[in-house]
Amino acid sequence: MAAAGTGSNPDMEIENDNKPINHPKKNEFDLGADFIAFEDSDDEDEPINHPKKNEPSKTGRPPHKGATNSYFDRPTTEFHGGKRRRPVDEDEDPDEGPMTGPPPGCPWMGHRNYSKMASVPIMLTQELWDFVDYISPTKEEHQIREYVVRLVRKTVKDLWSNADVVVFGSFDTMLYLPTSDLDIVLLRDGGFNKLDLNRLASHLRRSGIANEVTVISKAKVPLVKFKESITGIPVDISFNLTNGIDSGQVISTYINEIPALRPLTMLVKYFLMIKNHNEVYKGGIGSYTTVIMILSFLQMHPQIQVGNIDPMDNLGVLLIEFFELYGLCFNYTRVGLTVRDNGSYFEKKDMPTNHRSGRSGQAQKLLLSCIDPNDPTNDTAKGSYSLQKIREVFAGAYGALTQAVQNRDRELFMDDKRVSSSHVQFDDRNRVAADSKQKSSGLHRSTQVSLIKEVYQVPMHIIRHRQKIAKVFLDGTYPSHVWRSNCP
């Protein structure tokens, strides 16, 4: 992995720990190679279908820096009972005949004809963009969450009129998934105690707005957790902590500066969620640490550093390389990372003692170290004690995506006269250059095939949740409930 070897200290090794992990066999993927990739097709490169700077989004993707600040500038992405209709592709040729629908379990694919694109890495990037669009919040879903915030604010004010109710985290940064928690912090002079947590929990139950209310008082960050009674949206309430607000502001700044940070974050967050590795109190990787890991990866990537590629046009290659770096190549035992001052790696022996503290003396071997850009004394990943399992699922995703792309490349672009090799490379032939203006000739067509279905799935509980949110919005049930509560 090329990105793994670039750091503030050129002599520093970033290599695998000694613990065995599940990864592709040596004869399937050359782990020492700079990149992975494919044979060329004779077609020209096709531009990836994402909005350029100052152009409105056609498929719901976030605009580049300089475009409107509203993520919901999505004029052609329609909302119909929880389902999205993909806008018509202006490049589709009606004379080529009808296109097949998406394969079972892949609702993000719509009716786009991926197989006519110039290369399989381009197909992968386009499918990932379509997946990001599918899992991103709609206007209606965001509006419903705003209603939940209004209800919670009204309920808390009824109990403590002097408390400020502030939303932070993924709601503010627009990085939330369909079933993500809604993070709220209560602020007031004098603070809160453990009795206040129980008092709030009882008040929420009596008010009728909350189900499954849980008080977590012994955690490092005490919480009151519940699900809003009408929509089922999960809510986490913390008390008198402002670091989450500060973190959200930092993330928003980085997203404005590096547009590719948002789609990669959505992809990695979703992957960790479906693998049940996204909860810090269970040893997983939290949203803030996820953003820092991705940001560091982009900062240290050699091809991005020199401006050879536009990350927005190479989402597929970058996601595979992310999984490769953190699943196979990164030396968690010796190396930590920081995104301050354009990013660097550092040796853990240089870290303060409190950064290396953890569980049963194993923390130094098993924990990633991520320096908080807001607070150099804070290691945001020190609670992620399930790192060994996370490395394994990252390595598995790397192998699955690589295998899927190699197989599809053989199906579409190789014939009997061409010699197949067991190792092919992502290189300048099938990366999309930063200044590329070329377009595919659209010679290749085939039945719809998903390149990501072995890594990404949409479970039925997520589909049902989104359908429920859509029904609440379209029926007008929730807004009327809010107004009857005289919510400010």
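Which residue does the side chain of Lys-227 meet in a salt bridge? In this predicted model, the partner of Lys-227 is Glu-212, with 3.9 Å from N to O.

**View 1. A salt bridge between Lys-227 and Glu-212 joins strands E6 and E5.** The two side chains meet at 3.9 Å, N to O, and the pair counts as a salt bridge because the cut-off is set at 4 Å between a side-chain nitrogen of Lys or Arg and a carboxyl oxygen of Asp or Glu. Lys-227 belongs to strand E6 (residues 223-228) and Glu-212 to strand E5 (residues 210-216), so that distant parts of the chain, 15 residues apart, are linked by the pair. Lys-227 is partly exposed at 35% relative accessibility, whereas Glu-212 is exposed, its relative accessible area being 57%.

**View 2. Asp-130 and Arg-112 form a salt bridge between two buried residues.** The closest N and O atoms of this pair are 2.8 Å apart. Asp-130 lies in helix H1 (residues 120-135), while Arg-112 is in the loop between strand E2 (83-85) and H1, so the salt bridge ties together parts separated by 18 residues in sequence. The relative accessible area is 4% for Asp-130 and 1% for Arg-112, and both residues count as buried because the limit for that class is under 20%.

**View 3. Arg-408 and Glu-411 meet in a salt bridge within helix H12.** The distance from N to O is 2.8 Å, and the two residues, three apart in H12 (residues 387-413), are separated by about one helical turn. Their surroundings differ in accessibility, since Arg-408 is buried at 5% relative accessibility and Glu-411 is exposed at 54%.

**View 4. Helices H1 and H12 pack against each other at an angle of about 125°.** The helix axes are 9 Å apart, and the two helices are therefore oblique to each other, with a right-handed crossing. On the side of H1, Val-120, Met-123 and Leu-124 take part in the contacts, and they meet Val-405, Arg-408, Asp-409, Leu-412 and Phe-413 of H12. Arg-408 thus appears both among these H12 residues and in the salt bridge with Glu-411.

**View 5. Asp-181, Lys-225 and Asp-236 are linked in a network of salt bridges.** Side chains of opposite charge can pair when their charged atoms come close. Over the chain, the count comes to eleven salt bridges.

**View 6. Asn-240 and Asp-341 have positive phi values although neither is a glycine.** Most residues other than glycine have a negative phi. For Asn-240, phi is about 55°, and the residue is found in the loop between strand E7 (234-239) and helix H5 (243-257), where Asn-240 counts as partly exposed at 32% relative accessibility. For Asp-341, phi is near 55°, and the residue is found in the loop between strand E8 (335-338) and strand E9 (344-347), with a relative accessible area of 73% that makes Asp-341 exposed.

**View 7. The chain as a whole comprises 14 helices and eleven strands.** Of its 488 residues, 54% are buried, and the accessible surface comes to about 21,700 Å², 48% of which belongs to carbon and sulfur atoms. Among contacts in the chain with a separation of 6 or more, 73% are between residues 24 or more positions apart.

Methods
Residues numbered from 1 in each chain as written. Predicted model: local features only at pLDDT ≥ 70, side-chain atom pairs only at ≥ 80, totals over all residues. Heavy atoms only, no water. Helix = DSSP H or I, 4+ residues; strand = E, 2+ residues; numbered from the N terminus. Buried < 20%, exposed > 50% of the residue type's maximum accessible area, 1.4 Å probe, protein only. Contact = heavy atoms within 4.5 Å. Areas by Shrake-Rupley, 256 points an atom, 1.4 Å probe, with all protein chains shown as cover. Axes fitted to C-alpha atoms, helices over the stretch in contact; angles between N-to-C directions. Parallel < 35°, antiparallel > 145°, perpendicular 65-115°, else oblique. Left-handed = near helix turned anticlockwise from the far one by under 90°.
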